[in-house]
Amino acid sequence: MKDWRLHIFSDFDGTIALTDVCIDIIDKFSNREPYLTLLATGKLTLKDFWHQVLKTFPSNLSIEEMIQFVKQTVQVDPYFVEFVNFCKENQIPFEILSDGFDFYIQATLDKFGITDIPYFGNQLVKTNDHYEPVFVYANESCQCENVGSCKRNIALSRLADDEVLVYIGDGYSDFCMVEYSDIIFAKSILSRYCNEKRIPHYNFKTFLEIINVLKKLLREKKIKPRRQAQLNRKKAFENE
Ligand SMILES: [Zn+2]
């Protein structure tokens, strides 16, 4: 029997960070409305939401100011640092996949003294007098809806043949990922989505529950791929 190893990927906003840091930034430096309502009612795509809302930011606002704001205000799951240590102690690869922006993930990791965690997110670039979003990992070949970047190909390209894909998330940008994940930890909208689609998952409130479930699975040697996720990964490779 194959000896499966864990490879963990996590969403950032609302999952590691307790709030949507991008919305916190919008509230601090501009206004979320009417854009957020237009997004919620399907009148704006996520990409157009970002293009429009970023144009309302003060023209003299620097990334450094946004970083300082994040460092002062961001809160993370109370057991996140413990979780990172758990992964390191057990040599489990752990990476962050975000449809938010990479600069505030770095700022958050810096604030909590966390190093050596690979993270993938969108980028913010200043053109003339305003910011533009760059969706580095946008993926036309995936069917997932209303995301900037799709997390699927990043995860699949980094998963080794003997690894089981663990995914942790809470929201819309995670819907696509759960189809391809073996062990899923979900809260909020993602948990409801998994229930509707009958995708097996663990509900969680904090990362402590995730540590405990993974410890138990490791102890009982119950780490193995999920058949449907394996099939979906195979299909995704064939369609790329
Ligand atoms: Zn996708």
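Which residue in β5 is the bridge partner of Leu-6? The partner is Val-164. This pair belongs to a predicted model, in which seven strands form an open sheet. Strand β5 appears again and again below, in the sheet and in the core.

**The sheet**

- The strand order is β4-β3-β2-β1-β5-β6-β7, and the pairing is mixed.
- Two strands sit at the edges: β4, residues 130-134, and β7, residues 202-203. Each of these edge strands pairs on one side only.
- Strands of a sheet pair through backbone hydrogen bonds, and they can do so in parallel or antiparallel fashion.

**Strand β5 and its partners**

- Strand β1 covers residues 5-10. Six bridges join β1 to β5, and the two run parallel.
- The link between Leu-6 and Val-164 in β5 is a bridge.
- β5 also pairs with β6, which spans residues 183-186. That pairing is parallel too, over four bridges.
- Find Ile-168, then look across to β6: the bridge partner there is Phe-185.
- β5 is mostly covered, with six of its seven residues buried.

**The nonpolar core**

- The largest nonpolar core holds 56 residues. Within this core, Leu-165, Val-166, Tyr-167, Val-178, Ile-184 and Ile-210 touch the most other members.
- Strand β5, residues 163-169, gives the largest share of this core: five residues.
- Look at Leu-165 and set aside its neighbours within four places in sequence. Leu-165 is then in contact with His-7, Phe-9, Ala-155, Leu-159, Tyr-180, Ser-181, Asp-182 and Ala-229.

**The β3-β4 hairpin**

- Strand β3 takes in residues 119-127. β3 and β4 pair in the antiparallel sense, over five bridges.
- Two cross-strand pairs are worth finding. Gln-123 stands opposite Val-134 in β4, and Lys-126 stands opposite Tyr-131 in β4.
- Two residues lie between the strands of this hairpin. In the hairpin, Asn-128 takes a positive phi near 50°.
- β4 has two unlike faces: Tyr-131 and Pro-133 make up the covered face, while His-130, Glu-132 and Val-134 make up the uncovered one.
- Put these together for two residues of β4. Tyr-131, opposite Lys-126, is on the covered face. Val-134, opposite Gln-123, is on the uncovered face.

Technical notes:
Residues are numbered from 1 along each chain as its sequence is written. This is a predicted model: local features need pLDDT of at least 70, side-chain atom pairs count only at pLDDT 80 or more; totals for chains, interfaces and linings use all residues. A nonpolar core is a set of buried Ala, Val, Leu, Ile, Met, Phe, Trp, Tyr and Cys residues joined through C-beta atoms within 7 Å. A residue is buried if 20 or more other C-beta atoms lie within 10 Å of its own, exposed if 12 or fewer, and partly exposed in between; C-beta atoms are placed from the backbone. Two residues are in contact if their C-beta atoms, placed from the backbone, lie within 7 Å. Two strands pair if DSSP finds at least two bridges between them.
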